[in-house]
Amino acid sequence: MVDPVLASRLQFAITVIVHIIFPVMSMGLAPFLIYFTWKEIRSGDAIYEQLRRFWTNIFAVSFAVGTVTGLVLEFEFGTNFAAFSTVAGELFGGPLALEGMMAFMLEATFLGVFVFGRDRVSDRLYFLSSVAVGLGTWLSAVWILIANSWMQTPRGFEMVTENGQRVVHLTDALAAYFNPRFPWMFVHMQNAAVESVALFMAGVAAYYVFRHHVWGYPIQQIDFWETTLKIALIALLITAPLQAIHGDAYARHVSETQPQKFAAMEAVWETESYVPEYIVAIPTTIDQLLNPWAKDLFGIGIPGGASWLASGGNAQATIRGLDAFSTQAPPVAIVFWAFRIMVALGFWFIVLAIWGTYRWWRGELFEDDLLHKALMGSSLLGFVTVELGWIVTEVGRQPWVIQGIMKTTDSVSPGLTGAEATFTLIGFITGYTLLLGLYIYVVARIIKSGPPPRDELDSIDRSLQTDTEVTTND
Amino acid sequence: MTNVEQLATEPLFGLPLADLWFVLLFFILGMFLFLDGFDFGIGILFAIHDDDEEKAQLLAAITPFWDANEVWLVVFGGSLFAAFPVVYANLFSRYYLLMFAILAALGLRGLSPEMYEQREDERWRLWWGRAFVLGSLTAPFLLGMFMANWLVGATTIITLPGIVVGLAVVALTVVDGVAFLRLKLCGDLRDRIRMDGYHALTAYLILFVLTIGYIQLTVSALRPDLRSPVIAGLVVLTFVLAVFYAGATSRDQYGLALGATAGLVFSLMGIVASLMFPIVDPGFELTVESAAVSILPLNIMSIGAVLLLPLIFVYFGVLYSAFSGPVTADESY
């Protein structure tokens, strides 16, 4: 039997790691869908209807799987982390309830209209429903990130004793909800979602473009994929550099508000000044290789780099080391590497964006097979980067579930037995593996079957109708 | 309400907010049971219809709605967490395996129609159809179990009232499903399912009486409550609504029959809530007052609910009116 604390943590980690894929897909697709719908209605051009229909299909599947996994997540706070829910309920439950009422309801009801109602509602209502769905996905993130960011930088509360237990009391809702971490998390997360979807779109489109233009396969409606590639590249060119800019400011914010996490990100064990920014760090002894808390590291780095980044320009700045904290350090190696790979991938995406744009500008976008291969290979890396970012955030804040207030080990349901927790953990590993496999299978099928054939569309007729009406009115 | 500072010290307009949230919770649960109830009922009816075209009609009746219907459960979970976090923590951890069984059933129920429509191949559809039936059958059963366990403060998961109420909720969702389908279908199938509705209603009434009888005989703490005028009234109302449902169904008054079903669901919720009140977690003898969060979050949540619930009804109005009227099998939306 696995220890209930460990089993609960593993189970929660699996839930979150799998669940995050689907909201990232919906949040990232939302602005594209709004744009396609608007263009479809405005121009009546069939390609926008194809784009809207094709990507809506993927959105709808992601939403269905996201609902299932998200409901699990909401219930797990009660089933596995009852102690946390009792202590932090006042601050944590509110945002979850408001997410449901304000965001999820908006998204789910209008998704029904958006997916099935093209011929049943007016163009105006149809466009509004695409906006409502998009707004719903983004508002959802607002409330979830309010809840999460409060755990990172808790504000606006006091600890009181109630029925013999220390619990959190909300004293200042604005301070609590709009805590210092929230804006950084929100901007970084939303931009990451759009960037990930842009990469995904670019990769899928590059696959068809490559087969058609480089290999010479006849692909019907190749212009659909060419347009997709261009739109994805524009989105990537906007989001990729932004991600690095606010990512840098975000990291500085972490160094100010969660110095232990920052020290883990940089693997700084002892308080020092002129700390280098390590590119890699390798344990010097073999037996330390599998120890995430290994201290004797051989590192290659830029002298003073970490100090320079943490302080915003002073290479001599002091960074507090992990030994300076009374609590045990988080598993440093995991945080250190997740952070490094995330940043490296972030820069790679900037390279891709610039490379693609340059080729496009030169009129060689459809000929550069190396670019196509790079885009194909990177199509899922946005999602990988999002996962890594969350690993930095969530593993990096350990041992705290609420920074400085409550430890993760104290947050698990007191009555939970090892047998129960192990049983559900096994269920999770099987169930979520199947779920993920099924999702990938269905999305791959949608991609393989391509856009709906143009002769099945009726948007051209519709635009003609609109023209006739305009003429009649004149 | 004059200024922001009062938000932290006085309840809005001096209202008994904790009590109102208790009522609201059961209202939200009722909305879920009524709306997702017909999805469940239709999923169960899926088992007794072999014809592909009929199955397509059953699915088409709920496809645009089920996502939105299910969100009421998410709102229930969130609201219970927000208003009574201790109860949320106690209940969900006490019925640990039951909660995961519910989630698994709901997962199956949510995924299977989505998957069913992805491919036309026969075996694929056979298995996802079965998964749809299984999920639709177990989800309401387990939710009924959860409700009964919560009400009697059970410490184990499998209890006699749990099983009886579970079956009752299953029967109720079939009644609900039939009522909704009769509004959404046309032709021969609409006439044929009428009898399914009567059978399910009879089963529900029998299980309902058994539940009341069980409480009267064995749950001494709830016995006095059973004779209160409110509960007696709701029990009578259940039978009146059942008769009304049968009458409306036989006269093909589809909307009225569906309305009567909603009445049946909310009567059941009313009975559970009134039996429990002023306790909110009978297992821990926690009262509504002691389990509720403090005044500031309660005020904020109340403002949120007052502003958002009417909006949600507008959204549902848009959704249901966009897809009003009967569906046919070839309609792909």
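In this predicted model, A:Phe104 counts as buried because its relative accessibility is 11%, which falls under the 20% limit. The residue is placed in helix H4 of chain A, which covers residues 82-116. Leaving out residues up to four places away in sequence, A:Phe104 touches A:Phe63, A:Thr67 and A:Glu99 in chain A, together with B:Val71 and B:Val74 in chain B. A much longer separation is found between A:Phe104 and A:Ala324, whose C-alpha atoms are 43 Å apart, with the two positions 220 residues apart along the chain.

The contacts of A:Phe104 with chain B lead to the interface as a whole. Here 58 residues of chain B are in contact with 65 residues of chain A, and the area buried between the two chains is about 5,400 Å², with 78% of that area coming from carbon and sulfur atoms. Of the area that chain B buries against chain A, 12% is supplied by B:Phe81, B:Tyr96 and B:Tyr315, which is more than any other three residues supply. The side of chain B that touches chain A receives at least two residues from each of helix H3 (66-83), helix H4 (85-94), helix H5 (96-116), helix H6 (122-152) and helix H14 (295-322) of chain B. Between the chains there are zero salt bridges, whereas 10 residue pairs are in polar contact.

The largest nonpolar core holds 289 residues, and the members that touch the most other members are A:Trp55, A:Phe84, A:Met101, A:Trp225, B:Trp72 and B:Phe84. One of these, A:Phe84, is in contact with A:Phe77, A:Gly89, A:Phe92, A:Met151, A:Val401, A:Ile402, A:Met406 and A:Ser411, when its neighbours within four places in sequence are set aside. A polar residue can also be followed into the interior: A:Thr69, in helix H3 (residues 46-79) of chain A, counts as buried because its relative accessibility is 0%. Beyond residues up to four places away in sequence, A:Thr69 touches A:Thr15, A:His19, A:Phe22, A:Tyr432 and A:Leu435.

Over all chains, the count of salt bridges comes to 21. In chain B, B:Asp36 forms a salt bridge with B:Arg109, with the closest N and O atoms 3.2 Å apart. This pair links distant parts of the chain, since B:Asp36 belongs to helix H1 (residues 17-45) and B:Arg109 to helix H5 of chain B, 73 residues apart. Both B:Asp36 and B:Arg109 are buried. Another salt bridge of chain B joins the side chains of B:Asp121 and B:Arg119, at 2.6 Å from N to O; here B:Asp121 counts as partly exposed at 31% relative accessibility, and B:Arg119 counts as partly exposed at 21%. In chain A, the side chains of A:Arg359 and A:Glu364 meet in a salt bridge of 2.6 Å, N to O, and A:Arg359 is partly exposed, with a relative accessible area of 25%. Chain A also contains a network of salt bridges that links A:Glu40, A:Glu49, A:Arg52, A:Arg53, A:Arg118 and A:Asp123.

Some features of the backbone are found in loops. A cis peptide bond, with omega about 5 degrees, joins A:Gln398 and A:Pro399, and A:Pro399 lies in the loop between helix H13 (381-396) and strand S7 (400-402) of chain A. In chain B, the peptide bond from B:Phe277 to B:Pro278 is cis, with omega near 0 degrees, and B:Pro278 is placed in the loop between helix H12 (254-276) and strand S1 (279-281). A positive phi, near 55 degrees, is found at A:Gln221, a residue other than glycine, in the loop between helix H7 (182-214) and helix H8 (222-257) of chain A. A:Ala267, which is not a glycine, has a positive phi of about 55 degrees; this residue is buried, with a relative accessible area of 11%.

For both chains, unreviewed UniProt entries list transmembrane regions, including residues 192-210 and 334-358 of chain A and residues 20-48 and 201-222 of chain B. In the model, residues 192-210 of chain A are 100% helix, with end C-alpha atoms 26 Å apart, and residues 334-358 of chain A are 100% helix, with end C-alpha atoms 36 Å apart. In chain B, residues 20-48 are 90% helix and their end C-alpha atoms lie 42 Å apart, while residues 201-222 are 82% helix, with a distance of 26 Å between the end C-alpha atoms.

Definitions and conventions: Residues are numbered from 1 along each chain as its sequence is written. Chains are lettered from A and ligands numbered from 1 in the order in which they are written. This is a predicted model: local features need pLDDT of at least 70, side-chain atom pairs count only at pLDDT 80 or more; totals for chains, interfaces and linings use all residues. Side-chain values use heavy atoms; hydrogens and water are left out. A nonpolar core is a set of buried Ala, Val, Leu, Ile, Met, Phe, Trp, Tyr and Cys residues joined through side-chain atoms within 4.5 Å. Buried means under 20% relative accessible area, exposed over 50%, partly exposed in between (1.4 Å probe, protein chains only). Contact means heavy atoms within 4.5 Å. UniProt positions are given in the numbering used here, feature names are shortened, and annotations may be inferred rather than shown by experiment. Helices (H or I, at least four residues) and strands (E, at least two) are DSSP runs, numbered from the N terminus. Buried area is the accessible area (1.4 Å probe) that two parts lose on being put together, summed over both. A salt bridge is a side-chain nitrogen of Lys or Arg within 4 Å of a carboxyl oxygen of Asp or Glu. A polar contact is a pair of N or O atoms within 3.5 Å; within protein, one must be able to donate a hydrogen and the other to accept it, and residues adjacent in sequence count only if both atoms are side-chain atoms.
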